[in-house]
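Q: I am new to this structure and would like to go through its side-chain contacts. Could we look at it together?

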Amino acid sequence: MSLGNVLGMYNKFAKYPLGKAIFSKLFCLKAPYFRTISPGINDLKPGHASVFLNQSWGLQNHIKTVHAIAVCNLVEMAMGLVAEATIPSHLRWLPMGMDITYKKKATGRLTATTDIDPETFFTLEKYPGMVKVPVIVHNVEGVEVTAAEVRLWISEKPKK
């Protein structure tokens, strides 16, 4: 699976029973560290990504909540998917950092969602430059447990 075709691959798989689950596993083969949180993809389209994880013993900290770094991995996966599904083909992205606020205890199923304007988000006055991708994490009750901004360095792809 080429990262340049994430959206096309997702759309092909999403049509079938268990297709989203299979695509989630394939995506984790391309970015293996995401396998550590056993994520799933709820939805992906230009400007929007929604991914989830289920609390498990392996993701817990000493107070039996989802470990902060597991939540960071979920945030980064949502950001990476929306970036790949949205960025124009002549541009590339590189994560530069993440600002994250833990607002409530993170327990149960967590869903990270990001929404950006697919038409203008990656349009900068000049390249290279930085954008900030907002990602919000909710629990099953709809309570916001984490808010994040992931800083991306956007540059033009080198001419071939």
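Q: Is Asp43 buried, exposed or partly exposed?
A: This is a predicted model. In it, Asp43 counts as partly exposed, because its relative accessibility is 25% and the partly exposed class lies between 20% and 50%.

Q: Which side chain does Asp43 meet in a salt bridge?
A: The partner is Lys45, at 3.9 Å from N to O. Lys45 is partly exposed as well, with a relative accessible area of 43%.

Q: How many salt bridges are there in the whole structure?
A: The search finds 3. Besides the bridge of Asp43 and Lys45, there is one of Arg151 with Asp99 and one of Glu144 with Lys103.

Q: What is the background to such pairs?
A: Side chains of opposite charge can pair when their charged atoms come close.

Q: Where do Arg151 and Asp99 sit in the chain?
A: Arg151 belongs to strand β6 and Asp99 to strand β3, which covers residues 91-102. The two are 52 residues apart, so this salt bridge links distant parts of the chain. Their side chains meet at 2.9 Å, N to O, and Asp99 is partly exposed at 41% relative accessibility.

Q: And what does the pair of Glu144 and Lys103 tie together?
A: Glu144 is in strand β6, whereas Lys103 is in the loop between β3 and β4, so the pair connects parts that are 41 residues apart in sequence. The N to O distance is 2.7 Å. Glu144 is partly exposed at 26% relative accessibility, and Lys103 is partly exposed with a relative accessible area of 45%.

Q: Turning to the rings, how many aromatic pairs are counted?
A: The count comes to 5 aromatic pairs. One of them joins Phe13 and Phe23, which are tilted, with 6.3 Å centre to centre and 50° between the planes. Phe13 lies in helix α1 and Phe23 in helix α2, 10 residues apart.

Q: Which of these two are buried or partly exposed?
A: Phe23 counts as buried because its relative accessibility is 0%. Phe13 is partly exposed, with a relative accessible area of 23%.

Q: Which residues form the aromatic cluster?
A: Tyr10, Phe13, Phe23, Phe27 and Phe34 form one cluster.

Q: How are the rings of Phe121 and Phe122 arranged?
A: They form an edge-to-face pair, with centres 5.1 Å apart and planes at 90°. Phe121 counts as buried at 18% relative accessibility, and Phe122 counts as buried at 4%.

Q: What does Phe122 touch?
A: Leaving aside residues up to four places away in sequence, Phe122 touches several residues, among them Ala83, Pro88, Leu91, Tyr127 and Ile154.

Q: How many residues does the largest nonpolar core have?
A: That core has 44 residues, and Phe122 is listed with Leu81, Leu110 and Leu152 as having the most contacts inside it. Elements that each supply at least two residues include helices α1 (6-14) and α2 (19-30), along with strands β1 (40-45) and β2 (48-54).

Q: Which element gives the most to this core?
A: Helix α3 does, with 11 residues. Helix α3 covers residues 68-86.

Q: One last point: where does Arg109 lie with respect to Phe52?
A: Arg109 lies over the face of the Phe52 ring, at 3.9 Å from the ring centre.

Methods: Residues are numbered from 1 along each chain as its sequence is written. This is a predicted model: local features need pLDDT of at least 70, side-chain atom pairs count only at pLDDT 80 or more; totals for chains, interfaces and linings use all residues. Side-chain values use heavy atoms; hydrogens and water are left out. A nonpolar core is a set of buried Ala, Val, Leu, Ile, Met, Phe, Trp, Tyr and Cys residues joined through side-chain atoms within 4.5 Å. Buried means under 20% relative accessible area, exposed over 50%, partly exposed in between (1.4 Å probe, protein chains only). Helices (H or I, at least four residues) and strands (E, at least two) are DSSP runs, numbered from the N terminus. Contact means heavy atoms within 4.5 Å. Rings of Phe, Tyr and Trp (its six-membered ring) pair if their centres lie within 6.5 Å; planes under 30 degrees apart count as stacked, over 60 as edge-to-face and the rest as tilted. A charge sits over a ring if NZ of Lys or CZ of Arg is within 6 Å of the ring centre and within 35 degrees of the ring normal. A salt bridge is a side-chain nitrogen of Lys or Arg within 4 Å of a carboxyl oxygen of Asp or Glu.
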